[in-house]
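Visitor: Could you take me on a close look at the sheets of this protein, with what packs on them and what lies around them? I would enjoy one connected walk rather than a list.

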Amino acid sequence: MEGKIIATELVATTKRYLAEKGVKAKVEFSWGATEVKPPELADAIVEVTETGSSLRANKLRIIETVLESNTQLIANLESWQDEWKRKKLEDMTMLLEGAIAALGKVGLMMNVRRQALPAVLDALPALLKPTISTLSNDDWVAVNTIIDESTVRLIIPRLKEAGAQGIVEYPLNKIVL
C-alpha cells in the first residue's frame, strides 16, 4: 500500500495502523459507500464490516483485518445504584439486544388453506413456532414467523409449492424474547 490512496471513515485508526506497519499512504476520509471508491477514487479502503457481503458485491476482498471490536454498554456505579437510571439502562439493554437479535432475520406472513397447513409448516423453519391465526373465512389461516434472511429465497418457493398464498417478507427492527 506504499504511496497508495486509502479511503475510510476510520482515518485515525487507519493512519495509526499503517504507521505501525511502516507504510506511508495517503488516507482520505470517505463519506459513506466507501466500498464503491476503488479503483477510480482510491486504491484500497478500510471499512467497518460485519459480514463482508457489500465488499464481495463490489468485487473487493479482505486482505487484512485492522482490528476486531464488539459493542459494550457501560454505566458508572453511581448511575447503576440509582433505581430510575438502572431501569432506563435495563430497558435500553433489552432494546439493543432485540435489535441485535433481529440482525439477519426477516418476518414472513402468508395465508394458507387449512388443508395445506401441515405441508406449509413442514417447509417452514421458525424462531420458536409460527403464529397461526384464524381468518374471516374458516377454511383459511394466517401464518406468521421469523426466519434467517439467508434462507428466505430458498423457502418462499417451497412455501408457494406447499400451498401458501399472499406471502409477504418484511424486515425486522427488533426481536425481544
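Guide: Here is a walk through the two sheets and their surroundings.

Please keep in mind as we go that this is a predicted model. Let us begin with the open sheet of 3 strands, whose order is E2-E1-E3 and whose pairing is parallel. Its edges are E2 and strand E3 (44-46), each of which pairs on one side only. From one strand to the next, the twist averages 30 degrees. Strand E1 (residues 5-8) is joined to E3 by 3 bridges, and these two strands run parallel. If you would like a specific pair to display, pick Thr 8, which has Val 46 in E3 as its bridge partner.

Now add the helix to your view. H1 lies across E1, E2 and E3, and it runs at about 170 degrees to E2. The loop between helix H1 (11-21) and strand E2 (26-29) is where you will find Val 23. With 22% relative accessibility, Val 23 counts as partly exposed. Its contacts, leaving aside neighbours within four places in sequence, are Met 1, Glu 2 and Leu 18.

Two salt bridges belong to this part of the tour, out of the 5 that a search of the whole structure finds. One is formed by the side chains of Lys 21 and Glu 64, at 3.7 Å from N to O. Lys 21 lies in helix H1, whereas Glu 64 sits in the loop between helix H2 (53-57) and helix H3 (77-81), so this pair ties together parts that are 43 residues apart in sequence. Glu 64 is partly exposed, at 48% relative accessibility. In the other, the side chains of Lys 26 and Glu 28 meet at 3.3 Å, N to O. Glu 28 has a relative accessible area of 26% and is partly exposed.

For a sense of scale before we move on, take Val 23 and Arg 113: they are 90 residues apart in sequence and 65 Å apart in space, C-alpha to C-alpha.

On the way to the other sheet, pause at helix H4 (residues 83-102), which holds Met 92. Together with Leu 73 and Leu 96, Met 92 makes a nonpolar surface patch of about 260 Å². The relative accessible area of Met 92 is 40%, which makes this residue partly exposed. Helix H4 also contains Lys 87 and Asp 91, 4 residues apart, or about one turn of the helix. Their side chains meet in a salt bridge of 3.0 Å, N to O. Both ends of this bridge are partly exposed: Lys 87 has 47% relative accessibility, and Asp 91 has 27%.

That brings us to the open sheet of 4 strands, ordered E5-E6-E4-E7 with antiparallel pairing. Here the edges are strand E5 (131-134) and strand E7 (164-171), each pairing on one side only. Neighbouring strands of this sheet are turned by 20 degrees against each other on average, direction ignored. Strand E4 (residues 105-113) pairs with E7 in the antiparallel sense, over 6 bridges. Within that pairing, Val 112 has Ala 164 as its bridge partner in E7. Helix H6 (residues 152-162) packs on this sheet and touches E4, strand E6 (140-148) and E7, with its direction at about 160 degrees to that of E7.

To bring the walk together, the sheet with H1 lying across its strands has parallel pairing, while the sheet on which H6 packs has antiparallel pairing.

Definitions and conventions
Residues are numbered from 1 along each chain as its sequence is written. This is a predicted model: local features need pLDDT of at least 70, side-chain atom pairs count only at pLDDT 80 or more; totals for chains, interfaces and linings use all residues. Side-chain values use heavy atoms; hydrogens and water are left out. Buried means under 20% relative accessible area, exposed over 50%, partly exposed in between (1.4 Å probe, protein chains only). Contact means heavy atoms within 4.5 Å. Patches are made of residues with over 30% relative accessible area and no salt bridge: like charges are joined within 9 Å, nonpolar side chains (Val, Leu, Ile, Met, Phe, Trp, Tyr) within 5 Å. Accessible areas come from the Shrake-Rupley method with a 1.4 Å probe; for residues, only the protein chains shown count as cover. A salt bridge is a side-chain nitrogen of Lys or Arg within 4 Å of a carboxyl oxygen of Asp or Glu. Two strands pair if DSSP finds at least two bridges between them. Axes are lines fitted to C-alpha atoms, for helices over the stretch in contact, and angles run from 0 to 180 degrees between N-to-C directions.
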